[in-house]
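User: Could you walk me through how to read a fold like this one? I would like the general idea each time, and then the case in hand.

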Amino acid sequence: LVKQSTMRCHRLTLLFAGLFLHAAGDDPAAATLEEMLAKITAGTFENNFFDGGVLKGAPEGEKEAVAGCLLDKVGAIVEENGVGTFVNDLQVDLAACCTKDAQACTEDVAEAYKLLSDVSTKRSSSEENAPKVAALLIKAASKRIDAAKVKASHAHYLGKCQGAQACSLASLRRKAEV
């Protein structure tokens, strides 16, 4: 009876340890987008490229795939408070967006990644940087896809926040143009 109880306790410990490790997310992201891309390319980090199913069909090329990936991250920032809640995972996933159309994506997204890094290292607040990151990602996605190819859940972001300084998460949450 004591042996069974000890085994149950050991199993529960392993279960909780596994749940904690799963919930902990990714290892710490690199400080810059270029460094993070190098880690993904080297296999140190998983390539979490994910377009979130936000496009109305299959992407026509890498640029549209990247647009879907970037818009998925905008959704995570706006609807899930991603910058405040899971900034490290957001950095890793954003870098994965730039594994396609790499040079142009890196040019368009490096500043947004730096703003996330600043939140991660406590140099800036999520409240300050979240709308700026969202605006930069919207601008980058807008260059790559027409709103007609994006599902309504994310198409309403396109065209909003053309100036990062004037952007707010509240304005992005509104489905109709303001």
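Analyst: Happy to; we will go from the whole chain to a helix pair, a buried helix and some single residues. Please keep in mind that this is a predicted model.

User: Let's begin with the overall picture. How many helices and strands does the protein chain have?

Analyst: There are nine helices and zero strands. Read from the N terminus, the order of elements is α-α-α-α-α-α-α-α-α. Of the 178 residues in the protein chain, 43% are buried. The exposed area is about 9700 Å², with carbon and sulfur atoms supplying 57% of it.

User: What share of the contacts with a separation of 6 or more is made by residues 24 or more positions apart?

Analyst: In the protein chain that share is 61%.

User: Now the helix pair. How do I describe the packing of α3 and α7?

Analyst: In general, the angle between the axes and the distance between the axes describe two packed helices. Here α3 (residues 62–80) and α7 (residues 126–142) pack at an angle of about 160 degrees, and their axes are 9 Å apart. Because angles over 145 degrees count as roughly antiparallel, α3 is roughly antiparallel to α7. The crossing of α3 past α7 is left-handed.

User: Which residues make that contact?

Analyst: From α3 come Ala-67, Leu-70, Leu-71, Lys-73, Val-74 and Ile-77. From α7 come Ala-130, Val-133, Ala-134, Leu-137, Ile-138, Ala-140 and Ala-141. By character, the contact of α3 with α7 has twelve nonpolar residues, no polar ones and one charged. When you look at such a list, remember that an α-helix has 3.6 residues a turn, so residues three or four places apart point the same way.

User: Could we take one residue from that contact? Is Leu-70 buried or exposed?

Analyst: Leu-70, in helix α3, has 0% relative accessibility and therefore counts as buried. Setting aside residues up to four places away in sequence, Leu-70 touches Leu-94, Cys-97, Val-109, Leu-137, Ala-140 and Ala-141. Leu-70 also shows how sequence and space can be read side by side: Ser-142 is 72 residues away in sequence, while the C-alpha to C-alpha distance is 9.7 Å.

User: Asp-72 belongs to that helix too. What does Asp-72 contact?

Analyst: Asp-72 is indeed in α3. Apart from its neighbours within four places in sequence, Asp-72 is in contact with Phe-50, Asp-51, Gly-52, Val-54 and His-154. Its relative accessibility is 17%, so Asp-72 counts as buried.

User: Why is α5 described as largely enclosed by the rest of the structure?

Analyst: Because nine of the eleven residues of α5 are buried. They are Val-87, Asn-88, Leu-90, Gln-91, Val-92, Leu-94, Ala-95, Ala-96 and Cys-97. These buried residues pack against α2 (33–42), α3, α4 (82–85), α6 and α7.

User: Finally, backbone angles. Which sign of phi do Asp-101 and Lys-122 have?

Analyst: As background, most residues other than glycine have a negative phi. Asp-101 has a positive phi near 50 degrees, and Lys-122 has a positive phi near 70 degrees.

User: Where do they sit, and is each one buried or exposed?

Analyst: Asp-101 is in the loop between α5 (87–97) and α6 (102–120), and at 15% relative accessibility Asp-101 counts as buried. Lys-122 lies in the loop between α6 and α7, and at 72% Lys-122 counts as exposed.

Technical notes:
Residues are numbered from 1 along each chain as its sequence is written. This is a predicted model: local features need pLDDT of at least 70, side-chain atom pairs count only at pLDDT 80 or more; totals for chains, interfaces and linings use all residues. Side-chain values use heavy atoms; hydrogens and water are left out. Axes are lines fitted to C-alpha atoms, for helices over the stretch in contact, and angles run from 0 to 180 degrees between N-to-C directions. Helices (H or I, at least four residues) and strands (E, at least two) are DSSP runs, numbered from the N terminus. Angles under 35 degrees count as roughly parallel, over 145 as roughly antiparallel, 65 to 115 as roughly perpendicular and the rest as oblique. A crossing is left-handed if the near helix is turned anticlockwise from the far one by less than a right angle, and right-handed if clockwise. Contact means heavy atoms within 4.5 Å. Ala, Val, Leu, Ile, Met, Phe, Trp, Tyr, Cys and Pro count as nonpolar, Asp, Glu, Lys and Arg as charged, and the others, Gly among them, as polar. Buried means under 20% relative accessible area, exposed over 50%, partly exposed in between (1.4 Å probe, protein chains only). Accessible areas come from the Shrake-Rupley method with a 1.4 Å probe; for residues, only the protein chains shown count as cover.
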